[in-house]
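I opened a notebook page for this structure and wrote down what I looked up, entry by entry.

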Amino acid sequence: MKDIYLDNAASTKPDSKLIERVSACMDKHYGNPSAMHKSGYQAKMFLDEQRERMAKVLGGVRFDEIIFTSGGTESDNLAILGVARANAKNGKHIIVSKIEHHAVLGPCHKLEKEGFEVTYLSVDKYGLINVEDIKKALRQDTILVSVMYANNEIGTVQPISEIAKIIEEHNKKIKINNLKTIFHTDACQAAGYLDLDIKKLGVDMLTLNGSKVYGPKGVGILYVKSGIKLESLMYGGGQENGIRPGTENLAGVAGLAEALEYADSNREKESARIKKLSDKLTEGILKIPKTFLNGHPEKRLPNNVNITILDIEGEALLLHLDEKGVFISTGSACTSRSLEPSHVILATGLPYEAAHGSMRFTLGRETTEEEIDYVLEVLPKIVEDLRKISPIRVNF
Ligand SMILES: *Cc1c(COP(=O)(O)O)cnc(C)c1O
């Protein structure tokens with residue numbers, strides 16, 4: 001059997017049509033979009049066409065509200081650091097959830113060292129934020145709220161438009177300095193499955209990247225509502241309105257536009273197909289004793305199955321599955337090389353020992369029912385063998 005790739009929350013496989021488009025673009029649009037000759041002009045036109053395509057996927061925003069970046073990490077950094085530093089004179093308070101990606105938490109930790117104050121909101125056992133907690137945390141000097149659309153580890157989907165409404169109400173009441181609290185969401189994991197209409201979501205800023213939507217890696221966007229002040233993280237040529245200098249990644253951007261359009265037009269059909277497979281996988285794994293699902297039972301990404309299997313080491317299970325050609329993840333790919341348990345799983349209240357046995361299976365466009373059947377065939381035996389030699393016993 002060919003390899004079974006169930007790690008689509010870490011990275012997705014672009015299809016051959018997309019790869020062809022990207023390489024055709026590298027061939028055709030080699031001119032620098034900032035150059036004054038025809039080749040440069042054509043490249044600039046092409047770049048703006050890609051911006052238009054993405055603006056449509058976001059529900060018809062202005063095309064100059066889209067900033068191209070090198071991926072989700074840069075977009076998140078630019079959103080958090082950029083807004084904080086440009087608006088510091090209005091206030092120095094920021095609100096985020098405890099289960100944000102490190103690309104959001106890292107900049108927050110940096111800002112704390114620069115004199116900002118960050119409130120880290122707790123989540124419930126399903127990884128869900130309580131919107132009332134946001135209401136309570138908002139202050140006169142809150143300049144930014146950042147809550148991810150869907151979590152990359154447990155798949156929980158947050159009530160983004162409800163949070164937006166609370167922030168809007170709060171903004172009506174603020175008196176000092178015409179301060180507005182800005183609302184950012186990291187939508188990297190949501191892009192393939194959830195609505196990205198900016199107006200419906202009610203957000204001011206939104207992060208997307210190519211690697212999670214079957215596009216190229218190393219390319220992303222930050223949507224920034226016009227009027228929002230943002231300080232650049234880099235200095236150089238004046239590209240992207242001076243916010244993000246550097247010669248634009250034309251091929252990457254074209255690939256991302258293609259990927260987002262595809263995701264947008266196939267969202268419902270693909271979500272329904274993949275949910276059936278996820279349900280089958282979940283039900284199958286939960287038949288193994290001492291297992292439970294992490295994340296919300298319904299408010300979750302249709303392709304995410306995160307399950308804790310007690311009394312084993314997640315890493316050992318991962319390696320045994322790897323041997324059988326099945327690729328999964330423990331925690332998030334970025335942290336799983338360290339053996340620290342995931343901050344997301346811990347935030348849902350699981351004890352340390354149980355967090356170690358949480359496994360993430362993320363299905364993708366190429367996942368088939370045969371593959372799921374195969375996993376369900378080999379997994380129980382591996383768990384049984386590992387439990388025989390495991391010194392860990394967790395009582396729940
Ligand atoms: C992958 C991911 C990122 C980081 O994106 P890169 O393109 O790898 O820099 C940020 N946030 C979330 C939710 C992600 O899943």
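Which residues are around the ligand? I looked this up in what is a predicted model. I listed Gly71, Gly72, Thr73, Asp76, His101, Met148, Asn152, Asp186, Cys188, Gln189, Asn209 and Lys212.

I then sorted this shell by residue class. I found two nonpolar, seven polar and three charged residues around the ligand. I also asked which element gives the most to the shell. I noted helix α3, residues 72–87, which contributes three residues.

Next I looked up polar contacts between side chains and the ligand. For Thr73, I read 2.6 Å between a polar side-chain atom and an oxygen atom of the ligand. For Asp186, I read 2.6 Å from a polar side-chain atom to a nitrogen atom of the ligand. For Lys212, I noted an N or O atom of the side chain at 2.7 Å from an oxygen atom of the ligand. I then checked how much of the ligand is covered: on its own it has 380 Å² of accessible area, and the protein covers 85% of that.

I turned to rings. I searched the whole structure for aromatic pairs and got zero. I did find charges over rings. The charged end of Arg365 lies over the ring of Tyr214, at 3.8 Å from the ring centre. Lys92 sits over the face of Phe116, with 5.0 Å to the centre of that ring.

Last, I looked at the chain as a whole. I counted twelve helices and 13 strands in the protein chain. I noted that its C-alpha trace spans about 65 × 50 × 35 Å along the principal axes. I compared its radius of gyration, 22 Å, with the value near 21 Å expected for a compact globule of 396 residues, and wrote down that the two agree.

How values were computed:
Residues numbered from 1 in each chain as written. Predicted model: local features only at pLDDT ≥ 70, side-chain atom pairs only at ≥ 80, totals over all residues. Heavy atoms only, no water. Phe/Tyr/Trp six-rings, centres within 6.5 Å; stacked < 30°, edge-to-face > 60°. Lys NZ or Arg CZ within 6 Å of the ring centre and 35° of its normal. Near = heavy atom within 4 Å. Polar contact = N/O pair within 3.5 Å; in protein donor to acceptor, adjacent residues only side chain to side chain. Areas by Shrake-Rupley, 256 points an atom, 1.4 Å probe, with all protein chains shown as cover. Helix = DSSP H or I, 4+ residues; strand = E, 2+ residues; numbered from the N terminus. Nonpolar A, V, L, I, M, F, W, Y, C, P; charged D, E, K, R; others polar. Rg over C-alpha atoms; globule rule 2.2 N^0.38 Å.
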